[in-house]
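Please work through the following exercises with the sequence and the structure at hand. Each task is followed by a worked solution.

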Amino acid sequence: MIYGFNSFLLLLLAAPIISLLCVKMKKARALPPVLLVIALLTGAATAGVSFWRGDRLSLDLSRLTPLPFALTVDRLSAFFLLLICVVSVPVVLYSASYIERHYEGLRRDGLWILLPAFIASMVLVVTASTGFAFLFGWELMTLLSAGLIMMEGDAGQRRHNIFIYLLMMHVGAAAVVGAFLLFLPHAPGLTFAAMRTVAAQMPQGMRTAIFLLAFLGFGTKAGIVPLHLWLPRAHPIAPSPVSALMSAVMLKTAVYAFVRFGFDFLGTGPAWWGYLVLTAGAVSGVLGVLYALAENDIKRLLAYSSVENIGIIFMAIGAAMVLRAYGAPTLAALAALAALAHAINHALFKSALFLGAGSVSDATHTLNMEELGGLLNRMPVTGVAMLIACCSIIGLPLFNGFVGEWLAFRAFLGGSTLPPITPAIVLPLVAGVLALIGGLAAACFAKLYGVVFLSRPRSEKAEHAHEVPAMMQLGVALPAAACVVIGIFPAIILRPLMTTISELMPGTAMPTQVASITTVLPWLALTVIAVVAAISLVKRTARVTATWACGQPGLDARMQYSGTALSKPLRKVFARVYQPDRAVNISPAGQPYFPEAISYSSVRTTSFERTLYRPAVDAVVAAAHRLRRLQTGNIQVYLLYLFLALVSLLLFMRFL
Amino acid sequence: MRLLLDIVQVALLVALAPLVRGIVARIKARIQNRRGASVWRPYADLRKLFAKEDLVPPTASFVFRLSPVLLFAVTAAAAAFIPVLHASALLGTMGDFILLAYLLAFGRFFLMLGAMDGGGAFGGMGASREALVSTLAEAPLLLALTAVAVVAHIATLAGIVQWTLQQDFFRLSAVHALAVAAVALVAIAETGRIPVDNPTSHLELTMIHEAMVLEYSGPSLALIEWASAIKLNVMIALLIALFAPWGMAAGFTAAGLAIAIVVYALKVVALTVVLAVVESSVAKLRMYMVPDFLGVACALSILAVVFTAVMR
């Protein structure tokens with residue numbers, strides 16, 4: 001098996017180099033994607049075997065590097081490695097066609113060099129078994145993804161958004177480095193094995209500090225509210241396959257790292273850690289989906305929906321921590337199972353959705369929902385795959401999104417059996433929050449699918465849309481197919497995942513609830529399919545005829561409900577959340593009933609920007625201004641600084 | 001024998017759903033001092049619609065004709081979760097209330113898509129309003145059912161019914177009182193009855209459910225109408241099963257089953273009378289009052305959940 005893993009790594013590292021060499025050769029243009037797909041399939045096979053059988057693979061490169069650098073694949077790593085490889089295959093297949101159609105010259109070559117490198121950096125993050133290797137991969141992942149976004153261009157607002165992305169990522173990375181550094185006095189090599197051993201003996205205050213830093217750092221990467229600010233800015237402006245990788249896979253590396261810290265290193269913590277994670281997850285879930293509902297740009301909507309789904313994953317992780325703290329290991333295992341199952345499910349349907357959004361923009365040159373419509377008739381394969389992905393993301397039974405949400409529901413419900421009264425009230429109430437999120441997500445994706453793929457086209461561009469090339473269809477259809485398979489037969493992933501969790505949290509048994517969902521879903525599928533088949537057998541004649549237009553000449557696309565109109569009732573009910581700045585300009589000013597021109601604008605700056613980020617940025621800038629006084633430009637003063645620094649260092653060393 | 005009875009239960013819930021609708025309409029007519037149509041009238045409507053042809057807008061996709069079929073299929077599957085005559089159901093021993101609630105959401109999602117696919121103005125309007133009502137109804141429904149499941153220590157509907165059957169009616173807790181009120185309010189919203197929505201409305205601007213099905217005709221409309229009748233019946237059966245299951249057959253004796261059928265029929269009639277009285281005496285709410293209506297349901301269900309922990 002280790003040969004499989006090594007050859008996977010070699011192929012993956014070779015891919016960007018081959019791309020670099022192929023820049024000048026027109027004939028070899030197909031080589032990088034083929035090589036990358038072979039690498040990813042090797043990786044998926046290796047990770048799959050290691051995930052199902054539990055083989056432990058390790059690779060120590062410490063001799064070649066100044067600091068300990070080793071990779072280890074245990075079951076948890078294997079699961080996330082499998083996730084990365086399985087999701088990346090359709091993305092690469094899609095890119096093979098998409099990149100050729102949209103980019104040329106330097107940009108195309110740049111994408112093919114950076115894309116494999118970006119995937120390799122994510123692989124490094126989930127397989128690293130020393131702090132150095134992890135941080136190296138973590139930083140590389142940020143920089144390479146920023147580079148990929150920049151391949152789309154960096155003019156004006158885009159540059160600002162990339163700056164915010166990099167800034168927030170580095171604030172998060174600082175917290176992650178801090179979390180690792182706190183281990184340094186006890187585990188000098190920062191190998192994961194040593195960190196695992198020493199974490200148990202650390203004082204509680206230190207453990208709490210590590211937990212908070214890890215939550216802050218990984219929460220920023222995962223896009224937990226209010227640290228999500230970069231997510232709706234960075235994801236939509238990336239090339240679509242890159243958005244898919246960032247949303248579907250990169251966010252999961254943060255989930256992996258948080259699970260690694262929270263469960264593997266720190267073990268059982270006090271209950272308030274769990275409550276903190278649970279609350280942050282619930283807030284992210286509700287606000288994420290509410291913001292998504294108000295968006296009319298497909299990719300921004302999907303980006304906010306990632307915030308929502310990460311929220312659901314963190315709710316489940318938080319519940320697992322709470323349940324573990326109160327001594328209910330089997331229920332904690334159920335909640336952790338929900339988190340990991342939702343992680344892979346979200347990776348599947350979100351990659352399908354982002355790739356599908358790319359296909360929509362390829363076919364119509366717009367992502368604005370108000371200019372789309374009727375695409376299902378024009379792009380049948382993409383349309384059906386997107387329908388499946390939409391059904392999955394809102395958690396309809398028989399699609400994979402339901403599995404994770406159901407497990408989370410049952411874990412919350414199980415909280416009622418705990419003897420202390422706080423979790424017995426809080427956890428079942430969280431089930432209500434999850435139900436609210438589910439309802440809002442259904443409204444959000446009914447809007448997305450109904451406005452983009454159904455009814456009449458709202459513009460010329462949508463009217464003349466054509467189906468995208470076969471490779472792009474395949475890229476969307478593969479993850480969608482996986483959604484249906486997992487949705488009907490969830491045991492495929494739940495069984496090995498349960499073994500993973502019992503390795504992660506020793507002493508847990510398979511929760512009995514899992515068996516009931518794996519038996520009922522195939523039967524339910526059978527029932528529904530049987531009824532649908534029976535009705536389809538009855539012949540129903542149909543006649544195509546124009547919709548009744550109240551005697552008027554006919555309906556046109558402007559008479560349909562728009563995306564804005566569809567979400568209006570819910571936006572009105574949740575107006576406190578949005579707090580939009582509206583402006584209506586009527587000219588000339590004195591004649592409201594006979595205007596010559598009306599313009600309407602509605603801008604939502606989320607309240608976090610106003611109340612949290614703006615003051616923070618202002619404070620940092622003010623501090624920088626004050627510090628500027630140190631820079632006098634006078635050489636004697638700088639010599640004085642040097643002298644003072646030397647003296648203070650000597651004093652420090654003397655008294656340490 | 002058990003399997004046979006389970007299948008009969010589903011068949012009854014599906015086949016007698018239009019009759020329940022007919023009874024409600026008839027009682028309503030009597031309350032309003034009209035003679036009203038026969039209780040079998042919904043069947044005649046369905047037969048008439050099934051004999052006609054589907055009219056499909058030229059811009060519609062396959063989703064337009066698939067939606068009614070899926071809606072009917074998942075609503076019928078939802079009926080298979082509910083114990084009616086004895087404390088078991090076809091899927092009710094394996095599937096829990098979460099799956100039931102999500103199956104209803106499944107049908108609603110496709111109905112919304114079908115409505116938007118029609119390409120008219122009203123479909124989108126109905127879908128938009130349905131999204132408002134159903135989104136806000138989801139949380140109270142699941143919380144109220146959670147409260148009942150917590151008290152019964154089991155999540156499957158059959159299990160809850162078995163537990164309730166062993167309890168004394170007069171000793172049921174405040175949790176049940178709160179939960180039944182919440183579920184009843186949600187049931188009214190979910191099935192589109194007054195005061196949330198008016199199933200007999202002819203004014204497009206106030207419609208919710210009816211606006212969504214405005215472009216449908218023929219067999220597709222028949223399937224939608226039947227599915228919404230099943231949904232009403234499922235909600236009634238759910239209320240009975242969770243909060244007043246007494247009278248269900250314990251074994252498979254002819255006498256026990258006969259009693260179960262009669263008792264169940266009486267309970268259904270009682271509930272339909274309540275529904276008819278409410279519908280005749282309450283005016284339809286303004287649409288932006290519906291969140292307040294469901295907010296009450298939400299508050300009740302949250303209280304129910306809190307009480308489960310406080311009162312044990």
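The exercises below concern the contact between two chains and selected backbone features.

This is a predicted model, in which local features need pLDDT of at least 70, side-chain atom pairs count only at pLDDT 80 or more, and totals for chains, interfaces and linings use all residues. Residues are numbered from 1 along each chain as its sequence is written, while chains are lettered from A and ligands numbered from 1 in the order in which they are written.

**Exercise 1.** Determine how many residues each chain gives to the contact.

Solution. Two residues are in contact if their C-beta atoms, placed from the backbone, lie within 7 Å. On this basis, chain A contributes 63 residues and chain B 62 residues. On the side of chain A that touches chain B, α17(A) gives the most, with 17 residues; helices are DSSP runs of H or I with at least four residues, strands runs of E with at least two, both numbered from the N terminus.

**Exercise 2.** Establish in which sense β3(A) and β1(B) pair.

Solution. Strands pair if DSSP finds at least two bridges between them. Here the sense is parallel, over 3 bridges. Within this pairing, A:Val544 stands opposite B:Val56.

**Exercise 3.** Decide whether A:Leu190 and B:His153 are buried or exposed.

Solution. A residue is buried if 20 or more other C-beta atoms lie within 10 Å of its own, exposed if 12 or fewer, and partly exposed in between, with C-beta atoms placed from the backbone. A:Leu190 has 20 such neighbours, so it is buried. B:His153 has 11 and is therefore exposed. Phi is positive at A:Leu190, about 55°, and at B:His153, near 60°.
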